[in-house]
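The following exercises concern a protein with bound DNA. Please work through each task before reading its solution.

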Protein chains: 2
Amino acid sequence: MNKYQVLLQQTGLKQTRQRTIMLDVLYNSKGPLSAEDLFGLIKKRGVSMSLSTVYRILESFTDKGLVTALTLETSKQVLYEVAHAHHGHHLICISCSKVIHVEGCPLENYEAKLAQKYRFKIDDHTLNFYGYCEQCSTG
Amino acid sequence: MNKYQVLLQQTGLKQTRQRTIMLDVLYNSKGPLSAEDLFGLIKKRGVSMSLSTVYRILESFTDKGLVTALTLETSKQVLYEVAHAHHGHHLICISCSKVIHVEGCPLENYEAKLAQKYRFKIDDHTLNFYGYCEQCSTG
DNA sequence: GTAGGTGCAAAGAGTTTGCATACGC
DNA sequence: GCGTATGCAAACTCTTTGCACCTAC
């Protein structure tokens with residue numbers, strides 16, 4: 001029984017060919033993927049699968065906490081990535097659309113200050129940096 | 001000649017009834033607005049205007065730097081707000097969707113560190129906090 | 001065997017575009 | 001009067017949904 005089968009069983013999701021390959025693609029991706037990206041990558045592996053199934057599986061994975069959804073200013077698509085145990089952020093290249101995941105967060109103190117000042121109960125935050133990656137800025 | 005007429009003239013945009021009312025609604029809003037929001041607020045004032053014109057004007061205002069666009073995790077719509085001279089961030093209420101604009105930014109040093117570590121030329125960033133506003137958390 | 005999963009096609013939301021008319025300068 | 005702005009309707013993109021069939025457990 002492999003890693004993905006265990007994940008599915010733990011979350012109470014039935015083990016299907018489609019869910020296993022989705023997990024595999026998501027876990028082997030360097031950056032967040034859109035539904036369309038996943039659909040294409042799965043097709044590239046010679047597996048056929050409906051786009052609506054991709055959306056439905058992404059929804060169930062998000063519900064179960066296996067993946068997290070994010071939206072960037074540079075595209076209208078929703079992106080999905082494996083939920084990281086550690087909170088992190090993103091560097092997004094405006095030129096080639098590459099997304100780099102950055103571990104760690106400098107905002108704990110600031111968040112506490114804001115919460116007090118605005119009497120706002122903060123649950124979470126998103127922090128994305130937009131600019132040019134090494135290749136695009138030197139090229 | 002009022003404030004909005006001056007803004008339009010400075011940016012080289014023709015002065016039209018539609019552009020003036022859009023500026024007025026945007027400047028008098030407490031939080032960012034979607035195209036649909038603007039359309040509704042304008043209609044409320046008894047002015048009729050096409051939704052596609054709203055989109056087109058938002059695009060030209062964005063190009064001219066009069067407004068900035070943002071996307072939040074809580075909705076699929078693009079939101080627009082008057083471009084602030086000072087960099088700021090947002091507190092978004094998950095319950096009532098209220099958006100509070102926060103002035104100031106704690107990230108300058110962190111941004112410089114990241115840029116060096118990842119050899120990434122950072123131009124800008126977005127920082128949004130999600131949680132519950134005073135009314136929604138006490139209610 | 002049954003509950004839940006999948007595929008297909010159609011619907012839906014948000015946004016964009018083509019084209020004819022109208023209006024600012 | 002010219003060139004740009006606007007309105008309308010149609011198109012487009014991304015995502016969701018209804019329904020019949022299929023598959024894991």
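Two residues are in contact when heavy atoms lie within 4.5 Å. The model is predicted, so local features need pLDDT of at least 70 and side-chain atom pairs count only at pLDDT 80 or more, whereas totals for chains, interfaces and linings use all residues. Residues are numbered from 1 along each chain as its sequence is written, chains are lettered from A and ligands numbered from 1 in the order in which they are written, and side-chain values use heavy atoms, with hydrogens and water left out.

**Exercise 1. Determine how chains A and B are related.**

Step 1. Superpose the copies by least squares on the C-alpha atoms of residues with pLDDT of at least 70 in both. A turn of 180 degrees and a shift of 0.0 Å along the axis lay chain B on chain A with an RMSD of 0.0 Å. The two copies are thus related as by a two-fold rotation axis.

Step 2. Locate the axis. In chain B, the residue closest to the axis is B:L127, its C-alpha being 2.2 Å away.

Step 3. Compare the interfaces. The copies meet through the same surface, because 100% of the interface residues of chain B are also interface residues in chain A.

**Exercise 2. Identify the elements and residue classes that line the largest cavity.**

Step 1. Apply the definition: on a 1 Å grid over the protein atoms alone, a cavity is a set of points where a 1.4 Å probe fits but cannot get out, and lining residues have an atom within 4 Å of a point.

Step 2. Assign elements, with strands being DSSP runs (E, at least two residues) and helices likewise (H or I, at least four), numbered from the N terminus. β6 (121-132) of chain A and β6 (121-132) of chain B each supply at least two lining residues. Among the lining residues are A:N128, A:Y130, B:N128 and B:Y130.

Step 3. Sort by class. The lining holds 4 nonpolar, 6 polar and 2 charged residues.

**Exercise 3. Describe how the protein approaches DNA strand C.**

Step 1. Collect the residues near the strand (a heavy atom within 4 Å). There are 21 residues around DNA strand C, of which A:T16, A:R19, A:T53, B:Y55 and B:V78 come nearest. Sugar and phosphate make up 66% of the strand's atoms within 4 Å of the protein.

Step 2. List polar contacts (N or O atoms within 3.5 Å). A polar side-chain atom of A:R56 is 2.9 Å from a base oxygen, and one of A:K14 is 3.3 Å from a base nitrogen. The side chain of B:Y55 places an N or O atom 2.6 Å from a phosphate oxygen.

How values were computed
1 Å grid on protein atoms, 1.4 Å probe; cavity = no way out; pocket = protein on both sides within 12 Å on 5 of 7 lines; lining within 4 Å. Nonpolar A, V, L, I, M, F, W, Y, C, P; charged D, E, K, R; others polar. Polar contact = N/O pair within 3.5 Å; in protein donor to acceptor, adjacent residues only side chain to side chain.
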